[in-house]
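Colleague: I have this protein open on my screen and would love some company while I look at it. Could you walk me through one part of it closely?

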Amino acid sequence: HWDTKIKQWCGFQIMSTINMDLVNRSNRLHGYNENLVYAEKSIFPNFMSGFMQTMAFFYFGAFIACKPLGMFARKFLLPKQGEGLLPESEYSKGYLTVFGEGVGERGSKVNSVIHFPRDPGYVETSRMLVESGITLLRGEGVNIGGGFWTTSFIARPLLERLRKEGTVFEFYDPKKE
């Protein structure tokens, strides 16, 4: 759809459902706000790129749901075991930039941006997992007992670890841009 606020084509973000569950759980555990609303979407440079991604999700789902299509994909379309990794130079071409907007109960707003400078599908995801593990292993910022916890409990020390390795995070005022 066309988002009139940001004036960009937007669409489905594959991790949005899981991320919404994590944010809602973090909200319940921390007690941020009972009226918290969270949403996310992908931004596309044009309608066709968004449409193509939507179709790719549709085909991917069909290949998973239909066993004969899945067998066809494994035999003729997907890389074989050990194949398929991109050359290392290709991983430096990708990046991920996430914009956030928060609106308080009295209408106050805060905006943020976090930028991961490398391929988000492999390099940055791996880096986030490793840095999360190191943060937990060292007990940085962890003052909780057992149970299922979200990364919100290690957010500050984890963010500092990520920033040391090239991630950019900042708050900004969109009115000044």
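Before we zoom in, what share of the 177 residues in the protein is buried? After that, please take me through the sheet that holds β4, β5 and β6, and then show me how the rest sits around that picture.

Modeller: Happy to! Please keep in mind that this is a predicted model. To your opening question: buried residues make up 18% of the 177 residues. The protein exposes about 13500 Å², and carbon and sulfur atoms supply 61% of that area. The C-alpha trace spans about 55 × 45 × 35 Å along its principal axes.

Let me place your sheet in the chain before we go in. The protein has six helices and six strands, and reading along the sequence gives β-β-α-β-α-α-α-β-β-α-α-β. In that pattern, β4 and β5 follow one another directly, while two helices come between β5 and β6.

Now the sheet itself. Its three strands lie in the order β4-β5-β6, the sheet is open, and the pairing is antiparallel. β4 (96–103) and β6 (168–172) are the edge strands; each has a single partner strand, so one side of each is left without a neighbour in the sheet. From one strand to the next, the twist averages 15°. As a general reminder, strands of a sheet pair through backbone hydrogen bonds, in either a parallel or an antiparallel way.

Start with the β4 and β5 pair. β5 covers residues 109–116, and eight bridges tie it to β4 in the antiparallel sense. You can follow this residue by residue: V98 has I114 in β5 as its bridge partner, and F99 stands opposite V113 in β5. The two strands form a hairpin with five residues between them, and in that turn G107 has a positive phi of about 90°.

Cross to the other side of β5 and you meet β6. These two strands also run antiparallel, joined by five bridges. V113 is a handy landmark here, for it faces F99 on one side and stands opposite E170 in β6 on the other. If you click on V113, you can trace the sheet across from F99 to E170.

Just ahead of β4 there is a spot worth a glance. S92 lies in the loop between α4 (88–91) and β4. With a relative accessible area of 52%, S92 is exposed. The C-alpha atoms of S92 and P120 are separated by 9.9 Å, with their positions 28 residues apart along the chain.

For contrast, look at another serine, S26, in helix α1 (residues 16–30). S26 has a relative accessibility of 9% and counts as buried, because the cut-off for buried is under 20%. Beyond its neighbours within four places in sequence, S26 is in contact with G31, Y32, T150 and S152. Across the protein, 55% of the contacts with a separation of 6 or more come from residues 24 or more positions apart.

There is also a second sheet to set beside yours. It is open too, with three strands in the order β1-β2-β3 and antiparallel pairing. Its edge strands are β1 (2–3) and β3 (42–44), each pairing on one side only. Two bridges join β1 to β2 (residues 8–11) in an antiparallel arrangement, with W2 standing opposite W9 in β2. The hairpin of β1 and β2 has four residues between the strands, and K7 takes a positive phi near 55° there. On the other side of β2, three bridges pair it with β3 in the antiparallel sense, and C10 has I43 in β3 as its bridge partner.

One last item, on charge: the protein carries 21 positive and 18 negative charges, and their mean positions are 3 Å apart. So that you can retrace the tour on your screen, go from V98 and its partner I114, on to V113 and E170, and then over to C10 and I43 in the other sheet.

How values were computed. Residues are numbered from 1 along each chain as its sequence is written. This is a predicted model: local features need pLDDT of at least 70, side-chain atom pairs count only at pLDDT 80 or more; totals for chains, interfaces and linings use all residues. Side-chain values use heavy atoms; hydrogens and water are left out. Buried means under 20% relative accessible area, exposed over 50%, partly exposed in between (1.4 Å probe, protein chains only). Contact means heavy atoms within 4.5 Å. Accessible areas come from the Shrake-Rupley method with a 1.4 Å probe; for residues, only the protein chains shown count as cover. Lys and Arg count as positive and Asp and Glu as negative; His and the chain ends are not counted. The place of a charge is taken as NZ of Lys, CZ of Arg, CG of Asp or CD of Glu. Two strands pair if DSSP finds at least two bridges between them. Axes are lines fitted to C-alpha atoms, for helices over the stretch in contact, and angles run from 0 to 180 degrees between N-to-C directions.
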